[in-house]
Amino acid sequence: MSREIRRTIPLWLIMGIVAFFLVEYFLDVAVITDVKSEMTRWGTIVSGFTIIFGMVLLIRYHTLQLAVRPTSLNEKVLSVVFFVSFLAFLLVGFSTPERISGTTYQWIYQNMYRPAGTAITALCFWWCIYGGYKVFTIRSWESAAIGLGAVLYMLRLLPIGPVYIPPLAPFADWLLATINVGATRGGTLAIGAGSLVLGMRTLLGKETGALEAVKEG
Amino acid sequence: MTFNDMMAAWTFALFSLAILSYLWKLNYVYKIAETFSVGSLLAHTFVNTWTGSIEGICLKPLMSGQVVRIVPLIFGLMIFTRLSRQYAWISRYPTALLAGVGTGVMFGATFDAQILTQLAMTAQAFIDKDIFSALVILVGVFTTLTYFIYTQEHTGAIGISARLGRIFAMFSFGMNYAAELIWYLTLVVGILIRLVDLWIKGAILGL
Amino acid sequence: MSIYKKLREIPEGYLGLLSIVFMLIPVLYPMGLPLQISGPTKGFYNTLQNLPEGSIVCIDASGGFASYDEFEASITATLKVMLSLPIKWMAWGYGTDGPVMIDLILKGINPASFGKEYGKDYLVLPYIAGVEMAVAAVAEDTQAVATTDFYGNDLSQYDLWNEISGAEDFALVLSISGSCLNMDQEVRQWYTIHGLNILEINMACCSPMSMNYYPDVMPGGLWGAKGGTELEVLSGYPGPGARLSDSQNLGLMPFLLFLILGNVGYFGSKYLEKEEDQ
């Protein structure tokens, strides 16, 4: 009975829900559609709780860093910084009825989070160009293809390319619409087939990865 | 420049340069700025999620009489049992709900959207475009698909087709790489424009 | 070490520094080069222009605020075009920053100057968790997924909110996305089930993957700052895109130079090795 409650019933729940949604997709019955819509909303609500659970884990990690683990002063200061920023944004966010649309929140979000977030992503620029310099040598047909595709499309996207090389724009647009589409469409078809297989395995109760990830005592 | 604008410019410059200092080497100033952004993003996500999903779709309707919303509330709270080794198995139920609903919403439409629609558009190309372009697309689709066949050894005709498909795919990856580089370039240029206009010209030089 | 090997191992600091210098040149001295408008941008503009009067557009907004520079020009130009047309729109977020970006841009463009009123002509809803589940929920029963708007106000007081029940009330979907895989989910939930076409605003890196659906499912798209700049030029509404696009012009020239040097180094090294073997 313990095994049924802990593993078998959740698995049946997955299979039942997927089967129900599949039936709804092919049948046009109002009651079934209403139940399916309500269950979809349940999914969005539970997703919200899952996101909050992730936050709880990160807060727990930093709490342990500060209070329990034998970490260096530098690491402890980082955890303090984490809590300061988290609590500051949380307090400002909930302090007014407008929540995140409030003026103060928008000020701190745009002038503190946005520059840091943008710069973190922007750092990838330098790693990307150095990686490209090292990798894009014409060693084979494949590397020639990747290098040529990169250079042609790069020049098309910059305003300077079509101005100084007029045939570049229509040619690069043609490459994007034919060779690129051929490849990505093949990839999309393969992904679609893979998704169908995954869905069938979930329907038949063979995909237990999500349930196995829960470690029990 | 008002005091508010001055503070905004200096704060922007401080955080941007702290992160960009990584280009010199990984340093403590970068780590502080990075940790700060993680904490702020976490709070931002919490406020958004609470307001939109939990308060908006669950608690408020529940308070106004939609009793059925107690079910996702209970399922949502069950997730937190994962923190206890003894009761972690309870969190399998909300996980099952999420896995079931997540798979269910996409399963039915996948065949139509990602297989039939793609095949239809490949055929439609023979009507909308010139014959050469349509043939290139068809060859690209077919050869890329053969590249993803893992149950047959890539020799003979399949081998040639898979090799051609790989070349098509590499061309597409190159275009993806270029577009990604432009994305990063946009962000870097955006930072530089703001540093020059707001911080150097505005806050420091007072222009 | 031979010169060819040195060309293959130039330290990354030189490339990085040169890139910054080349990027700064057009920031300080704009080049003002013209843009060539691409087919997807024309399709994007024409699709909006051809919407019947009174149509309602659903804006599924995601995208990270950290990439705001990529989205600013596109969203600004699009909202200006939509506010100038006799259509209505409702925006909501399946990413936390979608409604934030739209609200920020709306504050800058002042919809009242286009004669539009909040709640009657346009609405901004908050973030709803669940990604594809959230899209499905909005498409099936829009009124059941939110009770307050992005600003914390009760939605039932707004005329536009009372006109919308689900996908059947929308004429078009505009997806503002921060991921290259979101188009698949939009197609599954909006096009396949409800038959609605989708316009896309996304980062530049997603244009090759989104072209899969162009033009039958996705009649048009704006990718990156360049897409936004093209729409600014096409629609006649100037915005932040022109300066950004212009300033990108020289930023990748050092990279292209290093690419050539790297290949010269590679082939030169190979030639020398062959000579030594002989």
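Domain bounds in this document come from an automatic or database domain assignment. The model is predicted: local features need pLDDT of at least 70, side-chain atom pairs count only at pLDDT 80 or more, and totals for chains, interfaces and linings use all residues. Residues are numbered from 1 along each chain as its sequence is written, while chains are lettered from A and ligands numbered from 1 in the order in which they are written.

**Exercise 1. State how chains A and C are divided into domains, and how far apart the domain centres lie.**

Solution.
Step 1. In chain A, domain 1 covers 1-70 and domain 2 covers 74-122. The C-alpha centres of these two domains of chain A are 29 Å apart.
Step 2. In chain C, domain 1 is made of 3-31 + 250-277, and domain 2 is 39-247. For chain C, the centres of domain 1 and domain 2, taken over C-alpha atoms, are separated by 40 Å.

**Exercise 2. Describe the elements and the overall dimensions of chain A.**

Solution.
Step 1. Helices (H or I, at least four residues) and strands (E, at least two) are DSSP runs, numbered from the N terminus. Chain A has nine helices and zero strands.
Step 2. The radius of gyration is taken over C-alpha atoms, and the globule rule is 2.2 Å times the number of residues to the power 0.38. Chain A has a radius of gyration of 26 Å, whereas a compact globule of 217 residues would have one near 17 Å.
Step 3. The C-alpha trace of chain A spans about 70 × 55 × 40 Å along its principal axes.
Step 4. A residue is buried if 20 or more other C-beta atoms lie within 10 Å of its own, exposed if 12 or fewer, and partly exposed in between, with C-beta atoms placed from the backbone. In chain A, 41% of the 217 residues are buried.
Step 5. Two residues are in contact if their C-beta atoms, placed from the backbone, lie within 7 Å. Among contacts in chain A between residues at least 6 apart in sequence, those joining residues at least 24 apart make up 19%.

**Exercise 3. Describe chain B in the same terms, and explain why chain B counts as more spread out than a compact globule.**

Solution.
Step 1. Chain B contains six helices and zero strands.
Step 2. The globule rule gives 17 Å for 207 residues, but the radius of gyration of chain B is 27 Å, well over that value, so chain B is more spread out than a compact globule.
Step 3. Along its principal axes, the C-alpha trace of chain B spans about 70 × 60 × 40 Å.
Step 4. Buried residues account for 50% of the 207 residues of chain B. Of the contacts in chain B with a separation of 6 or more, 25% come from residues 24 or more positions apart.

**Exercise 4. Characterise the side of chain A that touches chain B.**

Solution.
Step 1. The contact joins 97 residues of chain A to 101 residues of chain B.
Step 2. Several helices of chain A each supply at least two residues to this side, among them α1 (2-26), α2 (30-67) and α8 (168-203). The largest share, 21 residues, comes from α8(A).
Step 3. Ala, Val, Leu, Ile, Met, Phe, Trp, Tyr, Cys and Pro count as nonpolar, Asp, Glu, Lys and Arg as charged, and the others, Gly among them, as polar. By these classes, the side of chain A that touches chain B has 61 nonpolar, 28 polar and eight charged residues.

**Exercise 5. Characterise the side of chain C that touches chain B.**

Solution.
Step 1. Chain C and chain B contribute 42 residues each to the contact.
Step 2. Elements of chain C that each supply at least two residues include α2 (12-28), α6 (132-140) and α8 (182-194). The largest share, seven residues, is from α8(C).
Step 3. The side of chain C that touches chain B divides into 22 nonpolar, 13 polar and seven charged residues.

**Exercise 6. Examine α5(C) and α10(C): their spans, their buried residues and what follows each helix.**

Solution.
Step 1. The expected span of a helix is 1.5 Å times one less than its number of residues. For the twelve residues of α5(C) (residues 98-109) this gives 16 Å, and the end C-alpha atoms are 17 Å apart, which agrees.
Step 2. The buried residues of α5(C) include C:Gly98, C:Pro99 and C:Val100. Their cover includes β1 (56-61), α4 (68-84) and β2 (88-93) of chain C.
Step 3. C:Asn110, just after α5(C), takes a positive phi of about 55°.
Step 4. The twelve residues of α10(C) should likewise span 16 Å, and the end C-alpha atoms of α10(C) are 17 Å apart, which agrees.
Step 5. Ten of the twelve residues of α10(C) are buried, so this helix is largely enclosed by the rest of the structure. Elements packing against these buried residues include α6 of chain A, α6 (156-204) of chain B and α3 (39-49) of chain C.
Step 6. C:Gly236, just after α10(C), takes a positive phi of about 80°.
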